[in-house]
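Q: Could you walk me through the packing in this model, starting with the core and then moving on to some individual side chains?

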Amino acid sequence: MRNLILILGDQLDQHSAALRNADRACDVIVMIEAREESTHVWSGKARTALFLSAMRHHAQWCAAEGFTVHYRALGKENDASLAVGLNAAIAAFAPQAVICVEPGDLRVTALLQDTCSAASLPLDLRVDTHFLCTKAEFGQWAGDSKSLRMEFFYRNLRRRYLVLMQGDEPEGGQWNYDADNRKSFGKAGPQAVPTPSQFAHDAITTEVLALVNTIFADHPGNLAHFNWPVTREDALVALDDFIAKRLRGFGEHQDAMWTDLVFGWHSLLSTSLNLKLLNPREVVEKAQAAYRAGEVDLASAEGFIRQVLGWREFMRGVYFLDMPALKSANHFKHANPLPKWYWTGQTKMRCMQQCVGQTLDYGYAHHIQRLMVTGMFGVIAEITPQAIADWYLAVYVDAIEWVELPNVAGMALFANGGRFTSKPYVASGAYVKRMSNYCTGCAYVSDEKTGVNACPMTTLYWHFIDKHEKVLAKNPRTALMAKNITRMDAPTRDAMRVRAGEMLADLDAL
């Protein structure tokens, strides 16, 4: 045997760099289902099931392509960790080297390096050609700058790949149409919402769902609504379905929320992209082609493309550039534990009931639900960033550390002090009320900041502004927040502080 080719659970790319120059006659592909990958954070059932089903389907594809596949499964080999499984494969095949695409989690990179070093085996970690910007290219772009802005990075990639460009100028004369994509649904609520594609459970997925319910019975969430692409073919169906049915309505209402509206017009492609069942190049090209054909408006096409070509690539660059400091960043020195209801959804706050409950049921919430509800509450409730980040990594089906950690610690929580965001993303209950109907029928009153009926989002928002008033006053993007609190009379401000103190002392009771 020549090489052991290790394919990780988020590297299911049929054109993987790990397969470059692979010799079917003397190389062996190894894939490992390791219990630790679902327990180092308390991984939700939907997330674990997605990874396992997609991995098993990819192993089937590899075998059909003529590769020898050594698949180590939970329920059979029961490897406690990737290290255990890799050591067993090394012992079984005595390879000359181990090949793997660079992992998206530095914990896994260290594990592979330590395992191969102990076995005195060369480890060939290959550049991940799935992405449009390499780690080295991002580092060169970032340079020594202490402040990074996605918008300028995004413009560079637009020029480089000629996406939505007219010569040297952006399509329509603007680089960014975000201002056009922030509308609420209004009192009538969402209308004529298209239904996403449905994916029947084949024998592999059916077996995986039963396995997860058995081995990880006490883990959060459920599998009653499991409906995620687990093959390249399924992912292409999901992509075409989004372009044809939902992209045209995506831009206008991409920030809006509504009771029991789980998916709306969102793409639902992040799982397929992050497992590498889809390539970002083909996703961007299909969205651009739909705009060129007059099937969708420019604001919707640009808003979606910015998430894939801009934000996704930017997050990966930030992760590798700023680790390991990003992992422990805690700009505000927050120390509160995660409220228990983040794992149950059993809180009196209706916005959190909806967003956490949906997350546990589907393993999914869209970016505003994550940023401006579950994430924002983490900031104003002074929850330790590591607890919030671990929760996100555990419960969302599309969560892999390279994309989850910078989004949560850097964007949602401002834990890195504004490395790539110009302000903390905080708002009162008025924002939630404007962008959703969550406040209707809530036990709390969204515009009350004091008293027993005060909305925690509102009270804790004003407490955050009160606590950081001087710093916020110096930032042009938050100066108005600081100015507004000066209009609050002294008795109200004191009462707000008292109520906020009561809330912070017992977050589980909210």
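**Core, helix and pocket**

A: Phe377 is a good place to begin: leaving out residues up to four places away in sequence, Phe377 touches Trp341, Tyr342, Met349, Met352, Ile383, Pro456, Met457, Leu460, Leu507 and Leu510, where contact means heavy atoms within 4.5 Å. This is a predicted model, in which local features need pLDDT of at least 70 and side-chain atom pairs count only at pLDDT 80 or more, while totals for chains, interfaces and linings use all residues. Residues are numbered from 1 along each chain as its sequence is written, and side-chain values use heavy atoms, with hydrogens and water left out.

Q: How many residues does the largest nonpolar core have?
A: The largest nonpolar core has 162 residues, and those with the most contacts inside it are Leu247, Phe304, Phe314, Tyr342, Met352, Phe377 and Met457. A nonpolar core here is a set of buried Ala, Val, Leu, Ile, Met, Phe, Trp, Tyr and Cys residues joined through side-chain atoms within 4.5 Å, with buried meaning under 20% relative accessible area, exposed over 50% and partly exposed in between (1.4 Å probe, protein chains only).

Q: And which helix gives the largest share of this core?
A: That is α11, from which 13 residues of this core come; helices (H or I, at least four residues) and strands (E, at least two) are DSSP runs, numbered from the N terminus. Apart from the largest core lies another, of 19 residues, among them Leu6, Leu8, Ala89 and Cys100.

Q: Switching to α16, how many of its residues are buried?
A: In helix α16, which spans residues 401–412, 11 of the 12 residues are buried. The buried residues of α16 pack against α3 (106–118), α9 (270–274), α11 (298–322), α12 (325–328), α14 (367–380) and α15 (385–395). After α16 comes Phe414, whose phi is positive, near 55°.

Q: Why does Glu401 count as buried?
A: Glu401, which is placed in α16, counts as buried because its relative accessibility is 5%. Its side chain makes a polar contact of 2.5 Å with the side chain of Tyr319; a polar contact is a pair of N or O atoms within 3.5 Å, where within protein one must be able to donate a hydrogen and the other to accept it, and residues adjacent in sequence count only if both atoms are side-chain atoms. Leaving aside neighbours within four places in sequence, Glu401 is in contact with Gly104, Asp105, Leu106, Tyr319, Met323, Lys327, Leu393 and Pro406.

Q: What about Arg493, which side chain does it make a polar contact with?
A: The side chain of Arg493 makes a polar contact with that of Asp466, at 2.8 Å. Arg493 belongs to helix α21 (residues 490–505), and it counts as buried because its relative accessibility is 14%.

Q: Is His70 buried or exposed?
A: His70 is buried, with a relative accessible area of 17%, and is found in strand β3 (residues 68–72). The side chains of His70 and Arg72 are joined by a polar contact of 3.2 Å. Not counting residues up to four places away in sequence, His70 touches Val28, Ile29, Val30, Met31, Ala89 and Phe93.

Q: Last topic: which residues lie nearest the centre of the second largest pocket?
A: Of the 21 residues that line the second largest pocket, Pro196, Gln198, Asn227, Phe263 and Leu268 lie nearest its centre. On a 1 Å grid over the protein atoms alone, a pocket is an open set of points where a 1.4 Å probe fits, with protein on both sides within 12 Å along at least five of seven lines, and lining residues have an atom within 4 Å of a point.
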